Amino acid sequence: MKLRNFPYLFREGLRNLLVNWLMSLASIGVLTVCLLLISNAVLISMNINEILDQVASGNRIVVYLDANMDPAEAEAFGDKLLALNNVDAVEYTSGAEALEHWKEVFGEENELMFEGIEDNYLEPYYSITLKDISKINETSYQLGEMPGVVEVLQHDTLSNQLINIKNVVTVAMMSIVIILAVVSLFIIVNTIKLVMYSRRKEINIMKYVGGTDWFIRWPFVVEGFLIGVISGVLAFFVQWYIYQFVATGIVEDIRFIELIPFSSLWQPLLAGVCVVGALIGMLGSALSIRKYLRV
């Protein structure tokens, strides 16, 4: 296609969209629903992974230090922990603070249990939050090798379960997105075929007077592009309403679930549905017209 022909081909594609407005409306409706299902699958996957990350962030490693370590040295030990690549945050608890905690747990009626116990009886410890929970075993080994560490307590079973769940959710949602994209393409191809059938004589005449395949095809591809973009914009606004409704009307009452703010999602979501819609529309139009170019 020559660049100077693009304005003409674009106008023809827009004219086709407006002249055949009823079929265009049907195509837009079908593609909007398909894009809405795809965007729902993607957002559900993202939020499930975010919730799993929130749960995983509470799965900490506890590092117990030597009870005889100097208090100032024990407090400064946190800087050494933060120097490790996979350590995100640390929280220090001295032996005295740990003892006070257990006194509160057992209550005043059992205070005789702690009589005579010195403040440095319990080991000071650090609660460590990791950047990547999948590296918990590797990080635990590094911590255990550090001088002054007497014990490393980790819950690797829970971590492995969270990682497995996250992987399953990612694979499942990606499979759903691919299936929905294929189904969307199939539906849009068959919808556009109805338009092509009603205009087969027009296509044949253009072919007989010397029009090349791509010169004939491009207005329909442009039409598919416009259908895809319009469908993407409509799907975005419907998705916006649904997401806000779920976030404020349902999830707000469930305190342990926190969805990703839509303000951080709207730009990639809008771009994504418009690009996917345009690709499906263009590909659907290009595939639908092939049959009528064979004259």
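Let me begin at Phe 77, which, leaving out residues up to four places away in sequence, touches Leu 65, Tyr 126, Met 146, Pro 147 and Val 149. I should say at once that this is a predicted model, and that everything I describe is computed from it. Phe 77 sits in helix α3, which covers residues 71–82, and with a relative accessibility of 2% it counts as buried, because the cut-off for that class is under 20%. One of its contacts deserves a second look: Phe 77 and Val 149 are separated by 72 residues in sequence, yet their C-alpha atoms are 9.9 Å apart in space.

Now to the helix that carries this residue. Which residues of α3 are buried? They are Ala 74, Phe 77, Gly 78 and Leu 81, and when one looks down the axis of α3 these buried residues fall within an arc of 110°, so that they line one face of the helix. The spacing is what one would look for, since an α-helix has 3.6 residues a turn and residues three or four places apart therefore point the same way. The face of α3 turned away from that buried side carries Ala 72, Glu 75 and Asp 79, which are exposed. As for what the buried residues of α3 pack against, the partners are the strands β1 (61–65), β2 (87–93), β3 (125–130) and β4 (149–153), together with helix α5 (136–144). At the N-terminal end of α3 there is a cap, provided by Asp 70, with a side-chain oxygen lying 3.1 Å from the backbone nitrogen of Ala 72.

Since α5 is among those partners, let me turn to that helix. Its buried residues are Ile 136, Thr 139, Ser 140 and Leu 143, and these cover an arc of only 105° around the axis, which puts them on the same side of α5. On the face of α5 turned away from the buried side one finds the exposed residues Glu 138 and Tyr 141.

Let me place these elements in the whole chain. It contains nine helices and four strands, and, read along the sequence, they follow the pattern α-α-β-α-β-α-β-α-β-α-α-α-α. Of the 295 residues, 37% count as buried. If we take the contacts with a separation of 6 or more, residues 24 or more positions apart account for 83% of them, and the pair of Phe 77 and Val 149, at 72 residues apart, has a counterpart that I will come to in α8.

Next come two polar residues in helix α2, which spans residues 21–57. Is Ser 39 buried or exposed? With a relative accessible area of 4%, Ser 39 is buried, and its side chain is joined to that of Gln 239 by a polar contact of 2.7 Å. Not counting residues up to four places away in sequence, Ser 39 touches Leu 269 and Val 273 as well as Gln 239.

Asn 47, also found in α2, is likewise buried, its relative accessible area being 6%. Its side chain reaches the backbone oxygen of Leu 43 at 2.9 Å, while another backbone atom, the nitrogen of Ile 260, lies 2.8 Å from a polar atom of the Asn 47 side chain. Leaving aside neighbours within four places in sequence, Asn 47 is in contact with Tyr 243, Leu 259 and Ile 260.

That brings me to Gly 228 in helix α8, residues 213–249. Gly 228 has a relative accessibility of 0% and so counts as buried. Outside the residues up to four places away in sequence, Gly 228 touches Leu 31, Leu 35, Cys 274, Gly 277 and Ala 278. Gly 228 and Ile 280, for their part, are 52 residues apart in sequence and 6.8 Å apart in space, C-alpha to C-alpha.

I will finish on the surface. The chain exposes about 17500 Å², of which carbon and sulfur atoms supply 62%. A nonpolar patch on that surface is formed by Ile 179, Val 183, Phe 186 and Ile 187, which together have about 370 Å² of accessible area. Of these, Val 183 is found in helix α6, residues 156–198, and with a relative accessible area of 39% it is partly exposed.

Note on methods
Residues are numbered from 1 along each chain as its sequence is written. This is a predicted model: local features need pLDDT of at least 70, side-chain atom pairs count only at pLDDT 80 or more; totals for chains, interfaces and linings use all residues. Side-chain values use heavy atoms; hydrogens and water are left out. Patches are made of residues with over 30% relative accessible area and no salt bridge: like charges are joined within 9 Å, nonpolar side chains (Val, Leu, Ile, Met, Phe, Trp, Tyr) within 5 Å. Accessible areas come from the Shrake-Rupley method with a 1.4 Å probe; for residues, only the protein chains shown count as cover. A salt bridge is a side-chain nitrogen of Lys or Arg within 4 Å of a carboxyl oxygen of Asp or Glu. Buried means under 20% relative accessible area, exposed over 50%, partly exposed in between (1.4 Å probe, protein chains only). A polar contact is a pair of N or O atoms within 3.5 Å; within protein, one must be able to donate a hydrogen and the other to accept it, and residues adjacent in sequence count only if both atoms are side-chain atoms. Contact means heavy atoms within 4.5 Å. The arc is that of the directions from the helix axis to the C-beta atoms.
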